[in-house]
Each structure stands twice: as C-alpha cells, then as structure tokens.
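Welcome! Take a moment to turn the structure around and find your bearings before reading on.

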Amino acid sequence: MPQLTAIESAKDTFFWSAPNSETEFTGEDPLAVGYLAQQLGLFLLPTLTTRSSRAQAFAVVLYGLHLADQKATSESRGHDDGRRRYLFERWERFWSMSVLELCQGDLDRGDPDAMRGVRGALRNWRAGDQALPLDFQLIPRQAELGQLGAYLSPLRLAGLVVRGSLRPSVTAMEIIDAFWTEPMAHARTAAYDAYAQKALDEAQTKVARKSGHITLAKIGDLSRLTSIWRRQAQQERLHRALILDARDTTTKAMATLIEQATSQDLFEPREILVAAIEGRLGAEGGIKHAAGALPPRGGAAYPSPGGRSTILHQPRGLRMNTRRLLLLGAMVVALGCSGDHRGSSGADGSSPVVATDGGIAGSHSGVAGTGGTGSGGSVGVAGSAASAGGTGGSAGASSKPVDACNADHELATASDVDALAKCTAIGGFVNVQGTNLATLVLPILTTIKSLQITDNAALTTISIPRLTTVSGSLNIYNGNALTKLELPALTTVGGNLDITGNPVLLDFSLPNLQAVNGSLLVNSNDGLRSFDLPMLVMVFALQAANNHALSSISLAMLTTLTNDLSITVNPMLPTCQATALRDRLVAFSGVATISGNLGTCP
C-alpha cells in the first residue's frame, strides 16, 4: 500500500509554470487551477474567452459570415451551412492577404495585427505586383482553429449569430454595415464589398492587388485588427453588443467591478480582491479618461475625436493573464461584492472611461482587445443594491425606459407586429425570422433603420404602404408562401435591397424607388415573371440570377450603376433586355456579365 510522506517544503514540490531549476520536471498544474480559472471565466464572461480576445475580430467574423450568407442565398443554398463555412474560409484567406499586403509581409505572431494563421499567410504572400493566392492552407483545420472556430460560440451567445446556423442576426447588421467605415460616410464602401465578394468566387484562385481604385492594402488598412482603435463609433457598437446588452447575468457585473478597480489604480488580482472585500469598489470615483489611439505603421498617431493626436500609455497591470483576472472575478462574485449595474471594461488590455455626468460610461470598447481605446460618454446607469454582504452599485444618471420605436426588434407573433404598427419611424433593426405569421402589415411606418424578413413559411403578404426610407438594408429571403409585396412609397434604400428565394412571388413593383446605395439583388425567385422599378435612377450594383420564370425587367430610368451588372441564368428572359439595360447606362464603371438568358427577343 502506498505510503504518504510529509513534505518539508511545498514550494519545492508543487509548481505551476516556473519549476525549481534543480528538478528535471517541467512546469505543471497539479491542482488544475488553470482549468478551474478557464471554466469560471466561461461562466462569468462567456463571450470573452482566451480564444476570443480581440474586439475587431468579432466584426471580421460577422462581416465574413454576412458575405457567405449573401453568396449562398444567391445560389439557392441559403440553408446550407457547409457552403457558408466554405465561403467564409475564402473570405478569411482574402482578409489575411490584405493585411499582409498592407504591412508588406512584416507581420510577426506577436504583432497586434497578427491574425490566427499568420504563419500560413506569410508562407503564401509575395512582394510585387502579381496576384496573390486564395487557395492555400491558412491554418490546419481552419474551420476549428481559425477566426470562425474561435468566435462563433461567443457570437451566438451574444445573439449576433442565429443559434444553430451560420447566419448573422439582424442585431449584427449595425456592426456589419459599419465594417469598412461609418455608414454613408464614404462613397466607396460598396466598392470594398464588391472587392471582397470577388474573393468568394470559386473560379478565382488568386486575388488581384487592385480592384478599380481600391487597393488590397487599403482593404487591409480598413479591416485589420487594430483598425478598431481609431473607430470610436464601432467600438461603442461592439461594447454595447458584447457587454452592455450581454444576455448572461454576470458579464455586466464583472465589467463594472473591473472598471471600478481600474478607477482606483488597482490592477493586481490580490489588490482588487482585497478592495472588493473591504467594500471599496462600490464607492463613487472618477474613471480615468483614456481618449486617444495607438500609432499606425509609420509612427504618426491617429487623431483623436477632439482633433488632438495622442498615444495611450497602457498600465502594466492591464496586461495581466486573463485567466487570473477571471478567477479573481469568480471569487469576488462569490463573496457578493459586485453590484448589479452597468459599466464598461476590457477583460485583457483595455481601459475604462468616465461619463461626463458622473455615471459609468458605456462608450468604451476595446472589448477584451489588447490596447482598445475609448472616449468619455454620458451613458450613466443607476446601480441597484448589491447582494448580501456586498457593496452597492455606483450611482450614474437615471436610466429611462427604452422607446420601443427606437429599439431593435425580433418579431415572432401577431402581437409583436401590432406593437410596432403604432410606429411611424423605427430607429432600430427589425428581424422577422422563422415565424408563423401570415401577414406583415405596418400601416403608418415611414422610415426604418433596417428590415430583414426571412424563412417565414406561412407569410403571404408584406404591406408597408407609407414606408419611404430604409437607411440600412432591406432583405426578403426564403418566403415560400410570399405572393404580395407592397412598398408603394419606398424611395431610398441606404444599403442592399435583396429579394431572394421567394418561389411563388410572381411579380413586384416599387413604383417610387429612386436610389439603392448598396446592391440590388433579385435571385432565385423561381416563379417571378417580372419586376418593375420605373423611377430607379442609381444603384451601386445589380444582380438578377436564377429566376427561372423571369421574362421582363423594367428599369426605364436607370442611368447610374457604380459597380458590376450581372444578369445570368434567367432562361425566359431575352438577352436583348439585359444588353439594352447595359447600353442605356450613362455612368457605369463596373463589369457587365450577361449570360444564360434564353428568351426570344421581339
């Protein structure tokens, strides 16, 4: 029987990562503290793990999934997640090449812009003017070890990707629409989209270093992991989605605790724990304002929102091991030392900020991103009493009830629709997905931020008679019973207008639509015989494909098409209609693809 022998010195026997130099053993974790910390971390901050620690990477994955979803849906494979995953991996390789093009191959694993699989990308990037490869091994088992494998679960937990699928939710569209730059702030935003979409074409084994006026290096500059440091509004969107609107019960409390500790210059785990036990983290205190940004390649600092170039000096303590911080948080929550109130923080290398009205600000995001920055705001939220033995939440500005007409909505029932039927303007995103609704009628609505109507098997009618403006995208997907689409007053769509996969929709007319600032997509509507947009003057790109009954397209006023025109595989459509449309364009700077339209010309 084994004998237990007392040890004289525990430190000479048990060690975690720095073994005694005189022993032959390597560092171990005999009490599984590291594993315990990881599991507690997954419970306390489920969206911010040791694998999902970069704020911009959340946006990169969402945008790539959006591209893949658009492509799969246009191919009538909208329910094929295997196809979406394959297309996403092409986007990921394209994106990695763009970042390497920006830094001309000078990207080490420890660089803040280094992506997962950077070594595979480096092996395939070459200096010069030749096109770069797209079909290469970025990383072994890319689906599991690449960006998607690391960020998919947190994105689903945050409600940004639909559970059980690889389709971004309507809530994610605000982040996706601002991926390249702020919506409507840059005339070339759609050109960046078109450049990226080309990478998803399987016929393309290489990517050109320039598309029109857009260079591959510019794509890398706008999307690299550190690009978030100079994008305050996008920081706020990510911070709101991952921290303030977290669906779990612990993230906001943990974020607030870390913020309070940082406000008192407490960075070491032991110091934070002692302060929490003594009740010092519940008192009001100024959160240090950390406006500014880190410098780009080349040395010059990015201008801060105030027009002043600054460099954020990050305290050493903010770089501490994430698992140690999460383990500390678990102990603090267990002791009842965190109030139930909102706040902001970064879990690994980010700095919280102060609200101008004395409340806890919600404007910071570098969410778990190394060196994320933010500027002060005024989103103070009143803290409620802490659990027994703990401290109260800090007092911020009083919260106000959310105006239903200015919030995001998931519509599932007729009562949900009735609640919005009283709105003349909706300032949020509305998603109608997978419902049993037979009709969708919003009689007095005039403007909306974004609307997605998808996978509603019983929906026969969409009627929004007074709607004039959609500032983002309008997507109508996979309506197997949809026969009536009534949008008679619609004049402007700020993003994409996508009508895809509606097999019994015979025709539709948008008699007052004048401009689509994104792409107009009419794809895979098997029963569609005609569509009429008589007042449409400008659109960024136009695609009509795989509409097997389509025999007539009426776009009599269309003269401006900024990017590509693609009219393909519409077997009943006369080719002469497509070529006449092309020839009528006055401002056209893209590529025209017209094929597979076999109807008889008059």
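Here is a short tour of a sheet, a surface patch and a buried histidine.

Please keep in mind that this is a predicted model.

**The sheet**

Let us begin with an open sheet of three strands, arranged in the order β7-β9-β12 with parallel pairing. Strands β7 (439–441) and β12 (484–486) stand at the edges, and each has a single partner strand, so one side of each is left without a neighbour in the sheet. From one strand to the next, the twist averages 5°. Strands of a sheet pair through backbone hydrogen bonds, in either a parallel or an antiparallel way. Here, strand β9 (residues 461–463) runs parallel to β12 and is joined to it by three bridges. If you would like a spot to look for, I462 stands opposite L485 in β12.

**Two residues side by side**

The next stop is a pair of residues in other parts of the model.

| Residue | Place | Relative accessibility |
|---|---|---|
| H66 | helix α2 (residues 55–74) | 10%, buried |
| M557 | loop between β19 (552–554) and β20 (560–561) | 42%, partly exposed |

What does H66 touch, not counting residues up to four places away in sequence? The contacts of H66 are P168, M173 and I176. H66 counts as buried because its relative accessible area of 10% lies under the 20% cut-off.

M557, in turn, belongs to a nonpolar patch on the surface, together with M535, V537 and M538. Together, these four residues have about 310 Å² of accessible area. M557 itself is partly exposed, at 42% relative accessibility.

Terms used. Residues are numbered from 1 along each chain as its sequence is written. This is a predicted model: local features need pLDDT of at least 70, side-chain atom pairs count only at pLDDT 80 or more; totals for chains, interfaces and linings use all residues. Side-chain values use heavy atoms; hydrogens and water are left out. Two strands pair if DSSP finds at least two bridges between them. Helices (H or I, at least four residues) and strands (E, at least two) are DSSP runs, numbered from the N terminus. Axes are lines fitted to C-alpha atoms, for helices over the stretch in contact, and angles run from 0 to 180 degrees between N-to-C directions. Patches are made of residues with over 30% relative accessible area and no salt bridge: like charges are joined within 9 Å, nonpolar side chains (Val, Leu, Ile, Met, Phe, Trp, Tyr) within 5 Å. Accessible areas come from the Shrake-Rupley method with a 1.4 Å probe; for residues, only the protein chains shown count as cover. A salt bridge is a side-chain nitrogen of Lys or Arg within 4 Å of a carboxyl oxygen of Asp or Glu. Buried means under 20% relative accessible area, exposed over 50%, partly exposed in between (1.4 Å probe, protein chains only). Contact means heavy atoms within 4.5 Å.
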